[in-house]
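Subject: Structure for you to look at

Hello,

Here is the structure I promised. Please open it and keep it beside this email while you read.

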Amino acid sequence: MAKSTQSGSGDRAGMASLSPFELKDELIKAAGGGAVERPANLSMLNAGRGNPNFLATIPRHGFWQLGLFAMRESERSFAYMPEGVGGFPMREGLEERFEIFARENKGVPGISFLLGAVSYVRDQLGLNAGDFLYEMCEGILGSNYPVPDRMLKLSEQIVAQYLRREMIGKHPFVGDFDVFAVEGGTAAMTYIFNTLRENFLISAGDTIALGTPIFTPYIEIPRLNDYKLNVVNLEADVANGWQFSKQELDKLRDPKVKAFFLVNPSNPPSVKMDTKSLEYIAEIVKERPDLIILTDDVYGTFADDFVSLFALCPQNTILVYSYSKYFGATGWRLGAIATHRENVLDKQLAALSKEKRAQLHTRYESITTEPDKLKFIDRLVADSRTVALNHTAGLSTPQQVQMALFSLFSLMDTPDAYKNALKRLIRSRKQALYREIGIAPEVKDENEVDYYAILDMEYLGERRHGRELVDWILENTEASEMLFRLAKEARVVLLPGRGFGTQHPSGRVSLANLNESDYVQIGRAIRKLMDEYIERYNKATGKKSGTAK
Ligand SMILES: *Cc1c(COP(=O)(O)O)cnc(C)c1O
């Protein structure tokens, strides 16, 4: 909901109440981009977007070739009808027909990936290759409702294996987990918040903890009338490499805190939680076995040796993953929710008062004969279609096919060639940006992910020019002035660095969505602005602070 403000004018009193996304719209207007983001507007450098400008080609080639094969299957299964009527693929002989198709199309992009995927599924995952091809062909044709509704069977096993590799890695992990395929990470959040509330696991007036700074929807949703939650912030500190101090984490010991929501690696700081903090939280959870953790690990695949809280506290944690960023697939709407088969959510459901259990019995009785035993994750599925429409729940099957192919692509890439290429890409952009600003990137912190960079003028300015200059800037300029001037004068759009509500001279630069030469330009614009501030400070105070080198 856009509040009306005068963009670019001197009056920015209204800006304080804007969310970062609303402020971004104002910045785009100031940069001459119009109210709606248009990537075609080439003269504007919009580094405010999280949407990557790269995408994974190989599993997409695989998708299209699989589609052609599935069409052949569909037309083969019916007597030829010139009106354009086809049928379902046939399970019998499917593998052999696929091999013929692959041989005929040898050398076509996507074919060798598909052949590799079929053998990976058979040899590494121990699944039946014919069943896999059948699920993929039926799925890509989209001719049946998604069954099972939570997720197609083999696709679930493939995605689970992918999540295991990327989110758990070498960390010990006992037992199995269920996966619900959803329309991206944002749908996951909507569904989870809703089901937690409908099932009395979190109610209005309850307290939750948020790891901040955080992706703003996590700040905005708990405030909504639907939820009315009290929020305790656990603040990661820039001076502490954006890690949480023990003192902050100790807030989780308060039994009033029912749940802890975090984004890891974080957005905007783009830093993964260090091992020390992960282990400290695991210690706290031993003391607080009832604590519900929701971890949004969308950026985990960009980190080095990532380990999710899901690996350390599997029974307490709801894992949210999205394919949007890593595969450059925001338009596909692909995400996953995972919960361990033994989890506190199901335990807490069983321990609800008789009255509440009776209410929930009624809520879910239309879909199962034993509603009391319905798992939390299956309640998510039912609630995602208002229970009554549960018979058509589930992610569209072509989406599940692309999700399975993305996962297989990553699983098969044992040298991590794709992952390393993406890391090289974003890190080289960061270097270009910092070089032009004139600040040496700090010694590489092993927890840095570099999907975003926060340019914190208070922190950087103090380290370069001392506290006095920073205090002067804070006192004599509007917090959003830097962002507006970058937008107006250099047509560079950044998102605010400190998220919601706080007024602070910092900006978030996405390193994922522009080309390296653009980051050079952004760096130059920032440097020019910094030099100018220093000049103004020198003039006003008669001091001589060096200009940015
Ligand atoms: C980009 C992003 C998402 C992605 O959501 P999708 O709906 O999958 O596109 C989720 N969480 C965070 C923290 C993000 O930055």
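What span should the 16 residues of helix 6 (residues 153-168) have at 1.5 Å a residue, and how far apart are its end C-alpha atoms? The expected span is 22 Å, because it is counted at 1.5 Å a residue, times one less than the number of residues. The end C-alpha atoms are 21 Å apart, which agrees. A helix here is a DSSP run of H or I, at least four residues, numbered from the N terminus.

Before you go on, note that this is a predicted model: local features need pLDDT of at least 70, side-chain atom pairs count only at pLDDT 80 or more, and totals for chains, interfaces and linings use all residues. Residues are numbered from 1 along each chain as its sequence is written, and side-chain values use heavy atoms, with hydrogens and water left out.

Back to helix 6. Its buried residues (under 20% relative accessible area, 1.4 Å probe, protein chains only) include L154, I158, Y162 and M167. Just after helix 6, G169 has a positive phi of about 60°.

Now the ligand. The shell around the ligand has four nonpolar, six polar (Gly is put in this class) and three charged residues. Helix 7 (residues 184-198) gives the largest share, three residues. Look at three side chains. An N or O atom of D296 is 2.7 Å from a ligand nitrogen. For S324, the distance to a ligand oxygen is 2.7 Å. For N267, a ligand oxygen is 2.9 Å away. The ligand taken alone exposes 380 Å², and the protein buries 93% of that (Shrake-Rupley method, 1.4 Å probe).

Best wishes

Conventions. Polar contact = N/O pair within 3.5 Å; in protein donor to acceptor, adjacent residues only side chain to side chain. Helix = DSSP H or I, 4+ residues; strand = E, 2+ residues; numbered from the N terminus. Buried < 20%, exposed > 50% of the residue type's maximum accessible area, 1.4 Å probe, protein only.
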